[in-house]
Amino acid sequence: METQNLSFGLSSTLPTSPIQNQKNPFFQILLKPSSSSNILTLKGVFLKPHVSFSPKSFPSKEFFQCRNCLQRIEREAITVPDSGVSKELRKKKLAVFVSGGGSNFRSIYEATLEGTVHGEVAVLVTNKKDCGGAKYAREQGIPVILFPKAKNSSEGLSEEDLVGSLRAYNIDFILLAGYLKLIPTELVQAFPRSIFNIHPSLLPSFGGKGYYGIKVHKAVIASGARYSGPTIHYVDEHYDTGRILAQGVVPVLANDTAETLAARVLQEEHKLYVEVAAALCEERIVWREDGVPLIRSKEDPNHYK
């Protein structure tokens, strides 16, 4: 099968090297056969006007180099279940915020190494420079940013500097994983629909200011609730009020203590956050007409969670 040059919507032909088309600068693709005769590989790159990309070959991956800005963009194939074609998605850059041991951070990071999450943890942000999550990040060679800036101290970043730093790292998504500070408005506005938090209860119950850690589980048991579990939600300017994206459910047992319930919920947190991070990096979030976000199933594109 010969290589086919295709474009969607605007241009009928595409050059191959360098990849440049100023008339149709928005999206260009090159469709090539893989080693299997009945499988096609979709190779694509988003371009801005008057920007030229040229492909370079590397031993195991392909990179596109932007000649006028000297940026290298890595792209790898991700299978799109409803098309039967492999669609190339750029690996997403993740920033994780922690205040403690960072067990959810570790789960997400390990999932990126395993390939379960098509992204990479580019930076860790913490308000406690010596917490377990920060120590683990340093051990893995992940940059650590201290935020917010402590009073009467030269350490730490301001809100403006934090936004600038995250943009310098080309961050796509911010994942709060046990970060106990309120996210400033400047950050929420700079990364719209891109900041997520995990809370250890089924929101909107047992959420808001003052509900964190073991306090949440004590309140759940005291209420007589039969079920609990983590919630992952979009972050806005308030505590635990953003749109709910995903939830996991665990039973509350008759003999549970706050500690035993916390351990059960934490296990579900590790699983749920990895699933959501994978969906984000694979661009499987869709918005219902009434403003409710849903996750499209990877196995069945007609099913939503």
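## Proline 293 and its surroundings

Leaving aside neighbours within four places in sequence, proline 293 is in contact with Tyr234, Arg243, Ile244, Leu245, Ile285, Val286 and Trp287. This is a predicted model. Proline 293 lies in strand E18, which covers residues 293-295. With a relative accessible area of 2%, proline 293 is buried, because buried means under 20%.

One of the contacts of proline 293 is Ile244. Proline 293 and isoleucine 244 are 49 residues apart in sequence, while their C-alpha atoms are 7.3 Å apart in space. Isoleucine 244 falls within strand E15 (244-247), an edge strand of the sheet described next.

## The seven-stranded sheet

Seven strands make up an open sheet with mixed pairing, and their order is E10-E9-E8-E11-E12-E14-E15. At the edges are strand E10 (144-146) and strand E15 (244-247), each of which pairs on one side only. On average, neighbouring strands of this sheet are turned by 25° against each other, direction ignored.

Helix H1, residues 103-114, packs on the sheet and touches strands E8 (92-98), E9 (119-126), E11 and E12. The direction of helix H1 makes about 155° with that of E9.

## Strand pairing from E11 to E15

Strands of a sheet pair through backbone hydrogen bonds, either parallel or antiparallel. Strand E11 (residues 173-176) and strand E12 (residues 195-199) pair in the parallel sense, over three bridges. In this pairing, leucine 176 has asparagine 197 of E12 as its bridge partner.

E12 and E14 pair in the antiparallel sense over four bridges. Here the bridge partner of phenylalanine 196 is tyrosine 234 in E14. E14 and E15 also run antiparallel and are joined by three bridges. For isoleucine 232, the bridge partner in E15 is alanine 246.

## The two faces of E14

In a regular strand the side chains alternate between the two faces of the sheet. Strand E14, residues 231-234, is covered on both faces. Thr231 and His233 are buried on one side, and Ile232 and Tyr234 are buried on the other. Two of these residues also appear in contact lists: Tyr234 is in contact with proline 293, and Thr231 is in contact with serine 201.

## Two loop positions

Serine 201 lies in the loop between E12 and helix H5 (214-223). Its relative accessible area is 0%, so serine 201 is buried. Apart from neighbours within four places in sequence, serine 201 is in contact with Phe206, Gly207, Val216, Ser228, Gly229, Pro230 and Thr231.

Threonine 257 lies in the loop between strand E16 (250-251) and helix H6 (258-281). Threonine 257 has a relative accessible area of 36% and is therefore partly exposed. The C-alpha atoms of threonine 257 and histidine 217 are separated by 8.3 Å, with the two residues 40 apart along the chain.

## Salt bridges

The structure holds seven salt bridges. One of them is between the side chains of lysine 92 and glutamate 283, at 3.1 Å from N to O. This pair links distant parts of the chain, 191 residues apart: lysine 92 is in strand E8, and glutamate 283 is in the loop between H6 and strand E17 (285-287). Lysine 92 counts as buried at 5% relative accessibility, whereas glutamate 283 is partly exposed at 42%.

Glutamate 282 forms a salt bridge with lysine 298, in which the closest N and O atoms are 3.3 Å apart. Glutamate 282 lies in the loop between H6 and E17 and lysine 298 in the segment after E18, so the salt bridge ties together parts that are 16 residues apart in sequence. Glutamate 282 counts as buried, with 8% relative accessibility, and lysine 298 as partly exposed, with 35%.

## A further pair and a network

Arginine 288 and aspartate 290 also meet in a salt bridge through their side chains, at 2.7 Å from N to O. Arginine 288 is partly exposed, with a relative accessible area of 44%. Aspartate 290 is partly exposed, with a relative accessible area of 44%. Glu282, Arg284 and Lys298 are joined into one network by salt bridges that share partners.

Definitions and conventions. Residues are numbered from 1 along each chain as its sequence is written. This is a predicted model: local features need pLDDT of at least 70, side-chain atom pairs count only at pLDDT 80 or more; totals for chains, interfaces and linings use all residues. Side-chain values use heavy atoms; hydrogens and water are left out. Two strands pair if DSSP finds at least two bridges between them. Axes are lines fitted to C-alpha atoms, for helices over the stretch in contact, and angles run from 0 to 180 degrees between N-to-C directions. Contact means heavy atoms within 4.5 Å. Buried means under 20% relative accessible area, exposed over 50%, partly exposed in between (1.4 Å probe, protein chains only). A salt bridge is a side-chain nitrogen of Lys or Arg within 4 Å of a carboxyl oxygen of Asp or Glu.
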